[in-house]
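Trainee: I would like to work through this structure with you by way of questions, and to end each one on a definite value or name.

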Amino acid sequence: SGEQVDVFEFTATTVILVAAFGLFLSGKMRVDLVAICVLVGLLVFGLVTPEQGLSGFGNPATITIGAMFVVGAGLVKTGILQHAARWIDRLAGKGETRLVFVLCVITAVLSAFLVNTATVAILIPVVITLAAKRNIASSKILIPLSYASQFGGVCTLIGTSTNMLVNGIGISRGLPSFTFFEFAPLGLVMVAFGLLYLTTAGKYLLPKRKGETGQVDKYRLADYEAELMVLGDSPLAGKTWEENGVAKETKTKLVTLIREGKEVTRPPKTKIRPGDLLLIHGHIEEIINLENTYGLEMLANTRNNKQDKNGVRLVEVLVPPDSNIIGKTMNQASIIRNSTQAVLAIQRRGSAIKERVGDIRLESGDTLLVQGHDEDVQKLINSRNVIVTSELSDLTFRKDKAIAAVIVMALVIVLSLTGIVPVMVAAVIGALGMVVTRCVSAEEAYASIDWKIIFLLAGIIPLGIAMETSGIIGWLVDGVLSPLISFGPLAVLSALYFVVAVLTEGMSSNALAAIMAPVAFSIAAAMDVDPRPFLVAITFAASTSFATPIGYQTNTMVYSAGGYRFSDFARIGIPLNIVYWGLTVLLIPIFWPF
């Protein structure tokens, strides 16, 4: 009877495991939905207890990953990545090799502390612009951007969700936590070789193709006019608009330059000074990027000069034909009485405007860019004088909170390094710190969490438990891997890295790591060696996927933007995967002895 139950558990778990692998590899169903189906199957057939089934939600890795999404959002929302983009432009010079090198170094550093996908998402339009400025095909730059985010991610414990996941599984099995920079020695070797490869062989292996320009013009908005004040530290100061090359880089136009209350006669040919007022015409995304990148401040037309910029929202509003503000200037119109709203820019389709925003007489059909708090936006929605058409809050940054965000991130690192609290607690403190300091709002914190990954982990971690209790892992170790075990731990390490590296090119790295980590523990127990070398091999193999555009999210993100073909990733990625395989197998036993 007991034997029959064991056979049933073994068979049922095997069926669920094979079905999950098939669905992950086929890509026909969302990975989080597959994971939840797995969890339901395990519970229905009694393969795990309810407590074990819910353990994935309470696993330290799941909580840490969720908290780190919020910490990363704080860094993104305060414009830290925009500062990094300025450094790339300043240091990159004019040649392709130097641009690739500088881009990869800065991206690797950022990705060691931020979610890779957030870093790459923000840098894609920046990189395309920088490449175009230097007359370099974006396809020569975007694969290095994706790969560098993976190089950097393996350098710290919080660099990728896979690192945190494997560490969490280890802790749940009684293994001491990996330290914050424990992966760094091996990770830095990977970064160094990756940089060498991309700046030498990569130059010849990367294709020269035209990508999709839609990645840059993400919002496809019509042109606005806005007023921007030149600040004292602006890099535009001391040169003319034409000499700075801003028009070509941002596709914006300098309509008027006002100095000490008077318009100059030849705006593009006048040397810009701090305190000058620039009337800019262009897409609002580009105008806001100008403000964030070039030391400018967008002037707000508001009756409340002490507007609190924390927690504000940015919305587009349309002036309808029956509005009471038609014919009035911005300074005369009262869109909302007794509020903190501010009009930042105006859009009039089919015609360019050359007046200051506050002096323009509003017409039916004008669109205004309005900044305000939640209560202001609600009043706009209820107002008959304007119609709210869309929200663009994700275009703005809370630059005044950047220092607070960096301090919170530093606190997370210090707490993790010193071991005062576990990494999970440090991450939760960091997430709370970002919300309390208003680097992100509570709503933005919830929205920043990639719930797909959270539910993926919650469903797959119990599968690892079922694989062990049902005897599948024991069968794999004793029946399948026993011939390999006789060759010693180095051979097993090499085989484990190879299997994970191949499988991760077609399925979720987190799901694969959650399934393979229990196997690593059983192999280590069978050979009476430390499981940490095997866990590191799984982490590095799952987190560095170069050979396909679907193997890692950042590869998928640059695939269309760079105009790549599937074979482009194989040509440049397979040699890199092979060398990483050899380096990792060689170095892991040195840094983590068996």
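**Strand pairing, a long helix and an aromatic cluster**

Mentor: Let us begin with a bridge: in E4, the residue Ile280 is the bridge partner of Ala226.

Trainee: Before we go on, how far can the model be trusted, and what pLDDT does the protein average?

Mentor: This is a predicted model, and 90% of its residues score at least 70. Residues 212–221 have a pLDDT below 50, although that stretch makes 22 contacts in the model beyond near neighbours in sequence. Residues 303–307 are also below 50, with eleven such contacts. For the protein, the average pLDDT is 82.

Trainee: Returning to the bridge, how many bridges join strand E1 to E4?

Mentor: Strand E1 covers residues 223–230 and runs antiparallel to E4. Within this pairing Ala226 has Ile280 as its partner, and Glu225 stands opposite His281. The number of bridges joining E1 to E4 is seven.

Trainee: Which residue of E4 stands opposite Ile258?

Mentor: Strand E2, residues 253–259, pairs with E4 in the antiparallel sense over five bridges. E4 itself, residues 277–283, is mostly covered, with six of its seven residues buried. The residue of E4 opposite Ile258 is Leu277.

Trainee: E1 has other pairings too, so far as I can tell; which residue of E5 stands opposite Leu228?

Mentor: E1 pairs with strand E7, residues 342–347, in the antiparallel sense over two bridges, and there Glu225 stands opposite Ile346. Three bridges join E1 to strand E5, residues 296–298, again antiparallel. Six of the eight residues of E1 are buried, so the strand is largely enclosed by the rest of the structure. In E5, the residue opposite Leu228 is Met298.

Trainee: Turning to helix H25, how far apart are its end C-alpha atoms?

Mentor: H25 holds twelve residues, 532–543, and at 1.5 Å a residue the helix should span 16 Å. The distance in the model agrees with that expectation, since the end C-alpha atoms are apart by 16 Å.

Trainee: How many of the residues of H25 are buried?

Mentor: The buried residues include Arg532, Phe534 and Phe540. They pack against several helices, among them H9 (142–153), H11 (184–199) and H27 (566–591). The helix is largely enclosed by the rest of the structure, because the buried residues number twelve of the twelve.

Trainee: How are the rings of Phe178 and Phe183 arranged?

Mentor: A search of the whole structure finds 19 aromatic pairs. The rings of Phe178 and Phe183 have centres 5.0 Å apart and planes at 35°, and since that angle lies between the limits for stacked and edge-to-face pairs, the class is tilted.

Trainee: How many residues apart in sequence are the parts that Phe183 and Trp592 tie together?

Mentor: Phe183 is buried, with a relative accessible area of 1%, and Trp592 counts as buried at 6%. Phe183 and Trp592 form a tilted pair, 6.5 Å centre to centre with 50° between the planes. Phe183 lies in the loop between H10 and H11, whereas Trp592 lies in the segment after H27, so the pair ties together parts whose separation in residues is 409.

Trainee: Which residue has its charged end over the ring of Phe178?

Mentor: Phe178 counts as buried at 3% relative accessibility, and ring pairs link Phe178 into a cluster with Phe183, Phe540, Phe591 and Trp592. The charged end in question lies 4.2 Å from the centre of the Phe178 ring, and the residue is Arg532.

Trainee: Finally, what distance separates the C-alpha atoms of Val246 and Tyr294?

Mentor: Val246 is in helix H14, residues 246–250, and is buried with a relative accessible area of 0%. Leaving out residues up to four places away in sequence, Val246 touches several residues, including Trp241, Leu290 and Tyr294. Val246 and Tyr294 are 48 residues apart along the chain, and their C-alpha atoms are separated by 9.3 Å.

Technical notes
Residues numbered from 1 in each chain as written. Predicted model: local features only at pLDDT ≥ 70, side-chain atom pairs only at ≥ 80, totals over all residues. Heavy atoms only, no water. pLDDT = per-residue confidence, 0-100. Contact = heavy atoms within 4.5 Å. Helix = DSSP H or I, 4+ residues; strand = E, 2+ residues; numbered from the N terminus. Expected span 1.5 Å × (residues − 1). Buried < 20%, exposed > 50% of the residue type's maximum accessible area, 1.4 Å probe, protein only. Pairing = 2+ DSSP bridges. Phe/Tyr/Trp six-rings, centres within 6.5 Å; stacked < 30°, edge-to-face > 60°. Lys NZ or Arg CZ within 6 Å of the ring centre and 35° of its normal.
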